[in-house]
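Hi everyone, thanks for making time today. Let me put the structure up on the screen, and then we can walk through it together.

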Amino acid sequence: MKKLAIFLVAAMLLILSACGTQQSDQVEKETKSSDSEFGLVKEGSLTFAMTGQYPPLNFKKDGKLTGFDVEIGTEIAKRMGLEANPVTNPWETIIQGLKANKYDAIIGSMTATAERDEQIDFTEPYYLSGAQIFVANDNTDIQSKEDLQGKTIGVIQASTWKDMAETLTSPDMVKGYPVDVNALQDLSLGRLDAVITDKIVGVSAQNEKGLDIKPIGDLLNEDRVSIGIAEGNTELANKINEALQSMIDDGTYEEISMKWFNTNIMEK
């Protein structure tokens, strides 16, 4: 009888211990679940990726990531009640890194395209870019693409902008350059009538090189540069969109944009 009593007591202790472990595991699971809002890679932080090699949008200075993308991501994180955690990843594998849960978002000047949208989701755009016509500051003859007929246009060699330029003037009036900056410098010196290049590239060169040029007319095509997030994470997308819209509404977005580009790059 004494042995039986001891056995029963031991059995009850094992059952109680098992129940306690299950309850503890359940509490831990519930705590983790409540802490894992938006499915963040690092709790309490918004981890967002970029190449870190695309100044002035994202680059390293004194070993620290900085630039327009970094400031936008940092402000978004702040408005979500999170710490900002910018990281770098090579461009050719940046989507794969997001899909592998290495980071929560891509805030690295990625254009939302139909092809990319098959792999990840995108927020509303956080800036607009695309093919832009630039002319010299004192040029009053060219106001839009319709005024380019018969004009000399500089473009990057073998680019889609070259194809655009050839439809706006005669092909023999289109001059190819190895890099955008060379064409924009020639424009500033009066050697070209216009240059077609990416809006952000042109504005950046205008500011950084002090070139005497200006953008004119509407974008010839529009790139909606957006924040990439894991497919199906609609809650995170909604929260980022809310934070971004509040930045636009209270003027914070324009302040950041003016700092880096001397213009509001959300505007067409």
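Let's begin with salt bridges: nine of them are counted here, where a salt bridge is a side-chain nitrogen of Lys or Arg within 4 Å of a carboxyl oxygen of Asp or Glu. Before I go on, please keep in mind that this is a predicted model: local features need pLDDT of at least 70, side-chain atom pairs count only at pLDDT 80 or more, and totals for chains, interfaces and linings use all residues. Residues are numbered from 1 along each chain as its sequence is written, and side-chain values use heavy atoms, with hydrogens and water left out.

One of these contacts joins lysine 259 to glutamate 71, at 2.4 Å from N to O. Lysine 259 sits in helix α9 (residues 252–261) and glutamate 71 in helix α2 (residues 68–79), so this pair ties together parts that are 188 residues apart in sequence. Helices here are DSSP runs of H or I with at least four residues, strands are E runs of at least two, and both are numbered from the N terminus. How accessible are the two partners? Lysine 259 is exposed, at 55% relative accessible area, while glutamate 71 is partly exposed at 21%. The cut-offs are under 20% for buried and over 50% for exposed, with partly exposed in between, using a 1.4 Å probe and protein chains only.

Helix α2 comes up again in the next pair, where aspartate 250 meets arginine 79 at 2.9 Å, N to O. Aspartate 250 belongs to helix α8 and arginine 79 to helix α2, so the pair ties together parts 171 residues apart in sequence. Both ends are partly exposed: aspartate 250 has a relative accessible area of 46%, and arginine 79 has 29%.

The third pair I picked is aspartate 186 with lysine 175, at 4.0 Å, N to O. Aspartate 186 is in helix α6 (residues 180–188) and lysine 175 is in strand β10 (residues 174–177), 11 residues apart. Aspartate 186 counts as buried at 11%, whereas lysine 175 is partly exposed at 40%. There is also a network: Glu75, Arg79 and Asp250 are joined by salt bridges that share partners.

Now for the strands. Strand β6 (residues 105–111) has seven of its seven residues buried, so it is largely enclosed by the rest of the structure. Which strands does β6 pair with? Pairing requires at least two DSSP bridges between two strands. Strand β1 (residues 45–50) pairs with β6 in the parallel sense over two bridges, and phenylalanine 48 stands opposite alanine 105 there. Strand β13 (residues 223–229) pairs with β6 in the antiparallel sense over four bridges; in that pairing, threonine 111 has valine 225 as its bridge partner.

Elsewhere, three strands make an open antiparallel sheet in the order β2-β3-β4. Its edge strands are β2 (53–54) and β4 (64–66), each pairing on one side only. Three bridges join strand β3 (residues 58–61) to β4, with lysine 61 standing opposite lysine 64.

One last residue to look at is glutamate 231, in the loop between β13 and α8 (234–250). Glutamate 231 is exposed, with a relative accessible area of 52%. I'll stop there, and I'm happy to rotate the view for anyone.
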